[in-house]
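Trainee: I have a model open and don't know where to begin. Can we go through it together?

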Amino acid sequence: MATFLYKLGRLAFRRRHFVALIWVALLTLAGVGAASAPTAASSSFSIPGTEAQKAFDLLEERAPEASADGASAKVVFKAPDGEKITDSANKAEIEKTVAALKSGSDEVARAESPFKTKTVSKDGSTAYASVSYEVTSMELTDESRDALEKTTDEARESGLTVEVGGDALQAMPETGATEIIGIAVAAVVLVITFGSLIAAGLPLLTALIGVGIGVSTITALASALDLGTTTSTLAMMIGLAVGIDYALFIVSRFRGELADGRDREEAAGRAVGTAGSAVVFAGLTVVIALVGLAVVNIPMLTKMGFAAAGTVVIAVLIALTLIPALLGYAGKRVKPTGEKSKVLGGGRKKAEAAADAEPKDNLGTRWARFVVRRPLTVLLVGVIGLGAAALPVSSLELGLPDDGSQPTSTTQRKAYDLVSDGFGPGFNGPLMTVADLKGSDDPKAAAGEITKTISGLDDVLSVAPPMINKAGDTAIISVVPSSKPSGIETENLVHAIRDAGGEIKSDTGASVMVTGTTAMNIDVSEKLNDALLPYLALVVGLAFLLLIVVFRSVLVPLKAALGFLLSVLAALGAVVAVFQWGWLGSLFGVEQTGPIMSMMPIFMVGVVFGLAMDYEVFLVTRMREAYVHGERPGQAIVTGFRHGARVVSAAAVIMMAVFAGFIGSSEQMVKMIGFGLAIAVFFDAFIVRMTLVPAVLALLGKKAWWLPRWLDRALPNVDVEGEGLRDLDASGRPGSDEDRELSRV
């Protein structure tokens, strides 16, 4: 592979005009496709196989007028101090508001007055009106949301306190600011790493081109493939991350080859042949992690994974072709390692002085020597530290956030608190029980028996009379729990109703299913929990096999996988400590503790695993390269750090900055993702890859690179170390004068 990529790098360097034209054409084509594509509705959210989804499907078939999976809004009214909601003036204003809600949008299925549904608190201070829409919250138009906000704003002018809960106002999160923060930090880190504005600009430019092509393609295909805006958000985040990383490693290797005295075309070829091989396999591990999300069997998550994986493939191809082409355009403006540009304090005299001076050991070299001298101590300290950070995982509670986790300044949170104070926390998340009465001899009696059975369960505050459809074969029974929607008690109640369904069916012939937003959240959490171990086994297993091919070792991939699991557990422990226990919560803007988002573990496994294997491949490949070329195991570790530690550290800092930018979001879910990914990258890059990896390799010595002979013969030789390029040197090829090569520009 190294020889093939070497030739590809040289070809891209020589034919830079053609390569650049191809990528510009692809970017233009994708941009035109995105601009001319029809506006896509937000992706529908379905969870195949869950009871909540089956109930939704049944209602869609038999009682479509119920709009069971449609968006909903709970408009909460509170009377001024000393007044009651039932006072004539306040009652008239509420009736007027409800009428305006009905006529405000064509997507409104029904809007019911609190005086009709009797949703007025016992003390008469609070009431709420329920608004149902014909489409899901993800498909609701901005016009409908604007009409809802306008109507409630007008009601506030009468002196009433009016707040809106439910999922109707949950617009998709805006993006842009966090990416800008990440790019700004990346630019600073790259300039410090390379000491050159041109060299620092290349990874940023190519990453933006790759993200532009990927996101534009997703936008162009969004309508045809039912892709939501969250799909492009994940693709942008991952594409930006790996795009900068991959270009960073190749440009860094190119500068190193220049420092070894190679001409620019040769340096470009060798950079792509060596670092490019690592890029290919690092990219494959990320693709495996993202495509593996299909195991969860949540269509939206599967589409997000495939789209992000496509963006990663684009980033790899750009790193292998466009980077050497742009290096050809840059010419002598990209300096060898150790030299800075004139703008940043470099110059001919300083460069000559630096060339005459003895090379100094960098921080990575000194750290590697320290670890090699004391590997056991370093290993124990690192493992104990990560183990301590992982301890809170034993208390991990998973769930999906509700309005109770919103910032206290939002109308959703205010509505949530008003309902909790006026009626009880369970009114924020009533359960929808759906009864299939087709198998019952007496449907009405069966519905009554179901209502009676549910009323006798623990944690039930109230049960509404059953609503039977026109055909008389389906009933909807609303159940209000005593506890909040995200509480363990509510989850237990859902399971209790489902468990009682077996006895109900044997007695009445009717089937009982529980659905609604709260039940759907519970089912999603359980589905994600059940899929975590198979997903982990698939992703780690495939990557383990891939790394055996790359490193031609059994113990190195095993160590990489175990180190990754340790870093993810430590990161999850930190998330639990901050967002569930509230430790340092005020520092990160956590206003309400609660269960950890159910998607968090599997999301962290997918994203962090890909990035962790990036660092593993880039760092250990350089060690493997030095070992294959004759260095002792300990010396190879130091050599790998001398060439790779600075670049890996820069890549990790960039990733941490990109993810940490999300911590400032007002959305608890986004805040949690940003914190979790940032701390996971820190643990994995600086503690596992930069500390535990060299310690383990130092303890293993030559055994680290052991591979059974039969397996060695069976595995393909991908030559990541560039041994084939050494053969080219021995044969006297290639080698050309730098000036002659630059004359081709």
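Trainee: Which residue in β3 is the bridge partner of V76?
Mentor: In β3, V76 is partnered by Y128. Before going on, note that this is a predicted model, where local features need pLDDT of at least 70, side-chain atom pairs count only at pLDDT 80 or more, and totals for chains, interfaces and linings use all residues. Residues are numbered from 1 along each chain as its sequence is written, and side-chain values use heavy atoms, with hydrogens and water left out.

Trainee: How many bridges join β1 to β3?
Mentor: Seven bridges link β1 (residues 72–78) with β3 (residues 126–133), and the two strands run antiparallel. Strands here are DSSP runs of E with at least two residues, helices are runs of H or I with at least four, and both are numbered from the N terminus.

Trainee: What is the strand order in the sheet?
Mentor: The order is β2-β3-β1-β4, in an open sheet of four strands with antiparallel pairing. Two strands pair if DSSP finds at least two bridges between them. β2 (108–112) and β4 (161–166) each have a single partner strand, so one side of each has no neighbour in the sheet. From one strand to the next, the twist averages 20°.

Trainee: Which strands does α4 lie across?
Mentor: α4 lies across β1, β2 and β3, and runs at about 175° to β2. Angles go from 0 to 180 degrees between N-to-C directions, and axes are lines fitted to C-alpha atoms, for helices over the stretch in contact. Helix α15 (residues 411–422) lies across β1, β3 and β4, at about 100° to β4.

Trainee: OK, helices. At what angle do α4 and α6 cross?
Mentor: The axes of α4 (residues 88–103) and α6 (residues 142–156) cross at roughly 165° and come within 10 Å. That makes the two helices roughly antiparallel, a label for angles over 145 degrees (under 35 is roughly parallel, 65 to 115 roughly perpendicular, the rest oblique). Their crossing is right-handed, meaning that the near helix is turned clockwise from the far one by less than a right angle; anticlockwise would be left-handed.

Trainee: Which residues make that contact?
Mentor: E93, T97, A100 and L101 of α4 meet L148, T151, E154 and A155 of α6. Contact means heavy atoms within 4.5 Å. By class, four are nonpolar, two polar and two charged. Nonpolar covers Ala, Val, Leu, Ile, Met, Phe, Trp, Tyr, Cys and Pro; charged covers Asp, Glu, Lys and Arg; the others, Gly among them, are polar.

Trainee: And how many charged residues are in the contact of α2 with α8?
Mentor: That contact has no charged residues, with eight nonpolar and six polar. The axes of α2 (residues 16–36) and α8 (residues 197–225) come within 8 Å and cross at roughly 35°, in a left-handed crossing.

Trainee: New topic. What is phi of K118 near?
Mentor: Phi of K118 is near 60°, a positive value in a residue other than glycine. Most residues other than glycine have a negative phi. K118 sits in the loop between α5 (114–117) and β3.

Trainee: Is K118 buried or exposed?
Mentor: K118 is exposed, at 73% relative accessible area. Exposed means over 50%, buried under 20%, and partly exposed in between (1.4 Å probe, protein chains only). R552 also has a positive phi, near 50°, but R552 counts as buried at 12%.
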